[in-house]
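Please find below a colleague's note on the structure, set out as numbered points. Each point takes up one topic and may be checked against the display.

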Amino acid sequence: RAVGYAGLGSYQIRTGEIESGIHHFNQSKKHFELKRDYTLLSSTANEIGNAYVMMGKYDLAIDFYLESLKYGKNAKDETEAFNAKLGLGRAYYASGDTALGIMTILQYKNKSIALYKYEAAANAYAFLGQIEMDRENFMLASEYYEKSLIMCAKSSSKIQLSHSYNNKAILHFNLGELDS
């Protein structure tokens, strides 16, 4: 039942029924707490954090990401110990704390590379590139997008690779380099 609630919550969030999705994730979370399944608790809290980011409720998102990290320390899956850091960094950045956001994303990126999670590292580099584009630091944005491409090549994810090329194309477009 708890896994069903989580699946339903995930579907609802992705189809725009965010509040219902959060409700169902919280239902599943209660069960995972009783079972002391720290892997699923961490993952569920991370998903709730993602939902709150979509709603623009960054303070609530940060609370759930921190909760995810707390559960992740006791999870069987070692990635749960840091998985919420990407979302946490995004929430910090979106709430106006650029320095803390970048630092948190860099921590996520470093841990991803250390554990050979290249697709995750590519995502981190891509978001760092987006931050630098927002700040109009196009040279650093370009470096981050290049590093994202390198990580994608190591991950063998064709979808991730296409996202990385797309990010780089957006950068070239914004720079007026239409031939690139």
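1. Which residues does Glu-132 touch, not counting residues up to four places away in sequence? The model under review is predicted, and in it Glu-132 touches Ile-102, Asn-137, Leu-140, Ala-141 and Tyr-144. Glu-132 itself belongs to helix 7, which covers residues 118-134. With a relative accessible area of 4%, Glu-132 is buried, because the cut-off for that term is under 20%. The side chain of Glu-132 also makes a polar contact of 3.2 Å with the side chain of Arg-135.

2. A further residue of helix 7 deserves attention, namely Ala-124. Its relative accessibility is 0%, and Ala-124 therefore counts as buried. Leaving aside residues up to four places away in sequence, Ala-124 touches Leu-86, Ile-105, Tyr-108 and Lys-109. Between the C-alpha atoms of Ala-124 and Asn-137 there is a separation of 17 Å, the two residues being 13 apart along the chain. Asn-137 is one of the residues touched by Glu-132.

3. The next topic is charge pairing. Side chains of opposite charge can pair when their charged atoms come close. How many salt bridges does the model hold? The count comes to 4 salt bridges, and three of them are described in the points that follow.

4. Glu-47 and Arg-14 meet through their side chains in a salt bridge, with an N to O distance of 3.7 Å. Because Glu-47 lies in helix 3 (residues 38-55) and Arg-14 in helix 1 (residues 2-14), the pair ties together parts that are 33 residues apart in sequence. Arg-14 is exposed, its relative accessible area being 56%.

5. Within helix 2, Glu-33 forms a salt bridge with Lys-29, and the closest N and O atoms are 3.1 Å apart. Both residues lie in this helix, which spans residues 18-35, and they stand 4 residues apart, or about one turn of the helix. Is each partner buried, partly exposed or exposed? Glu-33 is partly exposed, at a relative accessible area of 34%, whereas Lys-29 is buried, at 10%.

6. Lys-29 also takes part in a salt bridge with Glu-67, the N to O distance between the side chains being 2.8 Å. This pair links distant parts of the chain, since Lys-29 is in helix 2 and Glu-67 is in helix 4 (residues 58-72), 38 residues away. Lys-29 and Glu-67 are both buried. Taken with the preceding point, Lys-29, Glu-33 and Glu-67 are linked in a network of salt bridges.

7. Helix 4, which holds Glu-67, may be considered as a whole. Its 15 residues reach 20 Å from the first C-alpha to the last, close to the 21 Å expected at 1.5 Å a residue. The buried residues of helix 4 include aromatic and aliphatic ones, among them Ile-62, Phe-64, Tyr-65, Leu-69 and Tyr-71, as well as Glu-67 and Ser-68. What covers the buried residues of this helix includes helix 2, helix 3 and helix 5 (85-94).

8. Which residues line the largest pocket? The lining consists of Asn-46, Glu-47, Asn-50, Val-53, Met-54, Tyr-65, Asn-83, Leu-86, Gly-87, Arg-90, Tyr-108 and Asn-123. The elements that give two or more residues to this lining are helix 3 and helix 5. Helix 3 gives the most, with 5 residues. The volume of the largest pocket is about 260 Å³. Several lining residues appear in earlier points: Glu-47 pairs with Arg-14, Tyr-65 is among the buried residues of helix 4, and Leu-86 and Tyr-108 are touched by Ala-124.

9. Two loop residues call for a check of the backbone. Arg-36, in the loop between helix 2 and helix 3, has a phi near 55°, a positive value in a residue other than glycine. At 61% relative accessibility, Arg-36 counts as exposed. Tyr-116 is found in the loop between helix 6 (98-114) and helix 7. Although Tyr-116 is not a glycine, its phi is positive, at about 60°. Tyr-116 is exposed, with a relative accessible area of 61%.

Note on methods:
Residues numbered from 1 in each chain as written. Predicted model: local features only at pLDDT ≥ 70, side-chain atom pairs only at ≥ 80, totals over all residues. Heavy atoms only, no water. Buried < 20%, exposed > 50% of the residue type's maximum accessible area, 1.4 Å probe, protein only. Expected span 1.5 Å × (residues − 1). Contact = heavy atoms within 4.5 Å. Polar contact = N/O pair within 3.5 Å; in protein donor to acceptor, adjacent residues only side chain to side chain. 1 Å grid on protein atoms, 1.4 Å probe; cavity = no way out; pocket = protein on both sides within 12 Å on 5 of 7 lines; lining within 4 Å. Points joined across faces, edges and corners; volume = space filled by probe spheres on them.
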